[in-house]
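Me: Please take a close look at one part of this model for me. Start with the surroundings of the ligand, then move to the helix and strand.

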Amino acid sequence: MDVIFNRRSIRRYKKQAVEPDKVEKLLRAAMQAPSAVNQQPWEFIVVQNKGGLERLAGISAYSKMVAEAPLAIVLLGNEDRMRLQHHWEQDMAAAAQNILLEAAYLGLGGVWLGVAPMKDRMDLISELYGLKSKLRPFCVIPIGYPEEGQEHKYVDRFDSNRVHYEVY
Ligand SMILES: Cc1cc2nc3c(=O)[nH]c(=O)nc-3n(C[C@H](O)[C@H](O)[C@H](O)COP(=O)(O)O)c2cc1C
């Protein structure tokens, strides 16, 4: 898949809105992710209003680009759906990666902004949306059409020294 190799974190976006059918495709991609015992613990908050995006930008010093994005998706894990609680972060990470890959495929770009397990960031999001404690904020992904100079492009990270055949 070309998008696996070409995907880059995109942190600056055109003002152009993301079409609703593309937003749905991003969410569909997320929900296709593998998860432990197929528990699918995810829920999503889609944020498109300027005030909401500006508030989300405040979750950390490294999230400022959210204020300038046309769209952000907040990924939440719902404890009610966690039959295997200890795998929730792996499940959510798979969904996050699917969103980033689908975004690249659609000509969009995004960046994974880490939230869990940092309690301060999780608490800020919980307060922002008045979330019940069973909902665990996992990450935030701002998305938009890449600004000039922010293209997806291949960077070769393959390192044969990291690969061990049969023995280490
Ligand atoms: C768990 C996680 C947390 C991250 N948090 C941030 C963040 O807070 N702000 C940011 O700008 N990028 C964040 N990133 C993006 C990484 O910086 C980026 O993926 C990495 O530099 C590799 O670049 P690439 O995505 O273009 O391949 C995060 C990525 C991951 C997987």
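Reply: Around the ligand stand Arg8, Ser9, Arg11, Ser60, Tyr62, Ser63, Val111, Trp112, Leu113 and Gly114. Each has its C-beta atom, placed from the backbone, within 6 Å of the ligand. This shell divides into four nonpolar, four polar and two charged residues. Here Ala, Val, Leu, Ile, Met, Phe, Trp, Tyr, Cys and Pro count as nonpolar, Asp, Glu, Lys and Arg as charged, and the others, Gly among them, as polar.

The model is predicted: local features need pLDDT of at least 70, side-chain atom pairs count only at pLDDT 80 or more, and totals for chains, interfaces and linings use all residues. Numbering runs from 1 along each chain as its sequence is written.

Now helix H4. Helices (H or I, at least four residues) and strands (E, at least two) are DSSP runs, numbered from the N terminus. H4 covers residues 88–105, 18 in number. From first C-alpha to last it reaches 26 Å, close to the expected 26 Å (1.5 Å times one less than its number of residues). Its buried residues include Trp88, Met92, Ile99 and Leu100. Buried means 20 or more other C-beta atoms within 10 Å of the residue's own, again placed from the backbone. Among the elements covering them are helix H1 (2–6) and strand S2 (71–78). Just after H4, Gly107 takes a positive phi of about 85 degrees.

Ala72 lies in strand S2. Ala72 is buried because 24 other C-beta atoms lie within 10 Å. Beyond neighbours within four places in sequence, its contacts (C-beta atoms within 7 Å) include Val47, Leu53 and Ile141. Leu53 is 19 residues from Ala72 in sequence, yet 7.1 Å away, C-alpha to C-alpha.

Methods
A residue is buried if 20 or more other C-beta atoms lie within 10 Å of its own, exposed if 12 or fewer, and partly exposed in between; C-beta atoms are placed from the backbone. Two residues are in contact if their C-beta atoms, placed from the backbone, lie within 7 Å.
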